[in-house]
Amino acid sequence: MNHSITVEELLEAKEGEEYQFKEVKRRFDSKEAARCCCALSNCGGGMLVFGITDKRPRRVVGSNAFEQPERTRSDLIEKLKVMVDFHLYEYEGKRVLVFEVAGRPLGLPVQVDGVAWWYNGDSLIPMPEDIRRKIYAETGIDFSATVCDAATINDLDENAIETFCKNRAAKSGNKRILSLSAEQLLRDCEAIVDEGITYAALILLGKRSALGKYLPQSEIIFEYRSSNASGPASQREEFRVGFFACYDRLWELINLRNDKQHYQEGFIVYDIPTFNERFVREAILTAASHRNYQMGGSIFVRQYQDRLVVESPGGFPNGISLDNILDRQSPRNRRIAEILSLSGLVERSGQGINLIYELSIMEAKQLPDFTGTDDDFVNITLNGLIIDKRMLNVINKIGNEQLEQFSTGDFLVINALYYGNSVPENLRPCLKHLTDVGIVEHVARNKYVLARNLYEAVGKSGVHTRMVGLDRDTNKELIVKHIRENGDKGTPLKELLQVLPGKSRSQIQVLLRELRMAGRIYCKGKTSNARWYVTENSME
């Protein structure tokens, strides 16, 4: 992302699958914008441009559409589940807004409200079925979409189907869905196809007897363990039923022993559960969506007093590793993922792990731990204990409205800076945005700290002063020391750049100006002949 393009280049670009121009001067329907961006992503990514005419010769006419582009960007990311950036230009006094949309993930069409949009030339249409099938084929055969030849619709649980029906109607806002027959409902989401009942239908909606006959490994086992000791669990329940029939029961079991942790801000006491319902559900959904159903073994959900461990067979899907798990999507069971998305259970399709990271940081808990993950199993540990209650003050100070617009990378940067850790290279692009919105301060060339008001929120304003001021004062003292040691011959600026190699020429000049105003140094000569000397007051 952050593609560099000029208005002049946009004026010459060809409208089509990569560029779409909208000549709107005031408002533009947000749903239509989402459909346009969806199609751009499905066609490989591109730009939606407001304020430039679509007919040649193109002209800049300006547009006031989407006056808060950062919020619109956040909404688009939420709907599309792909990265969206925006660029604002002022060209001859006229505003041009560009939304840049990343290409779809491998093997998965991008959808808006259940429709994968596509550009046929300049026309916006639902994606043709042959193109959709080619996309699904990119990552190999989807086992969940294959047909179980011996299964019939009588192998599906009526209560599970009813739950799915209600969830889908609520998600879509379309009450007509409630009047559909079970077969039509399942055909519409391709759980049933002309050839028969898919494994996705069995996994999500199957009766116990059907799963025992056709897919016995489709099982979720819950255990509560009061200690780390080996031996029988204190409580154990086995679910060899369709996922829609056991999903809520799993949360009920976990919530039975869900302690509250108390956090006080001022006179108000807040209760934070050890196990956040949203990230527990996301962890279970992720396991059900991505496990390898062709392998033996069950999904295990093991609850301890302070943590939850979810283990699923199959390792990470192809192309996914711990290094890219937050940035790349590669669903192993696409049909299952699509049905869960249609039902509203998956809040941000393909980004369940991202949400778990964000919620962990918002509740000042340890980040998810994947220790024990290998080629055969994925283990994710959700730690429930608050590790620093003052971090909650920082989160509250930032505020929910601003947090809703943050990416997972933004959350990770804030977390790293709060705990005094270095920001990984792949997250450094987030620093500019966080600096622009006042969450982070840039105090040196490669040094960033949280803003002063966030340190004040946790009673650490002195720490902020030390982190910012000590670094600056130390640099000044190094400059004075070097100039003093050069004595009467003076010191050129190029030598001071060697003294502080992490500083730019302009940053060194700012420090020199401050020292001169303080009466500690003075300059003789100009440009390249300029030399710096210490004053008598600084000779000691």
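The paragraphs below walk through one helix pair and two strand pairings in this structure, which is a predicted model.

We begin with the helices. Helix α2, spanning residues 30–42, packs against helix α3, spanning residues 69–80, with the two axes 10 Å apart and inclined at an angle of about 60°. Angles from 65 to 115 degrees would count as roughly perpendicular and those under 35 degrees as roughly parallel, and α2 and α3 are therefore oblique to each other. The crossing in which α2 passes α3 is right-handed. On the α2 side the contact is made by A33, A34, C37 and C38, which meet L76, K79 and L80 of α3. Sorted by character, the residues of this contact comprise six that are nonpolar and one that is charged, with no polar residue taking part.

From the helices we turn to strand β1, which covers residues 19–22 and is enclosed on both of its faces, since Y19 and F21 on one side are buried, as are Q20 and K22 on the other. Strand β1 runs parallel to strand β2, residues 46–50, and four bridges join the two. Within this pairing, K22, one of the buried residues of β1, stands opposite F50 in β2.

A further pairing lies later in the sequence, where strand β14, residues 307–313, and strand β15 run antiparallel and are joined by seven bridges. One of the bridge partnerships here is that of L308 with L382, the latter belonging to β15. Strand β15 itself, made up of residues 377–383, is mostly covered, with six of its seven residues buried.

Key
Residues numbered from 1 in each chain as written. Predicted model: local features only at pLDDT ≥ 70, side-chain atom pairs only at ≥ 80, totals over all residues. Heavy atoms only, no water. Axes fitted to C-alpha atoms, helices over the stretch in contact; angles between N-to-C directions. Parallel < 35°, antiparallel > 145°, perpendicular 65-115°, else oblique. Left-handed = near helix turned anticlockwise from the far one by under 90°. Contact = heavy atoms within 4.5 Å. Nonpolar A, V, L, I, M, F, W, Y, C, P; charged D, E, K, R; others polar. Buried < 20%, exposed > 50% of the residue type's maximum accessible area, 1.4 Å probe, protein only. Pairing = 2+ DSSP bridges.
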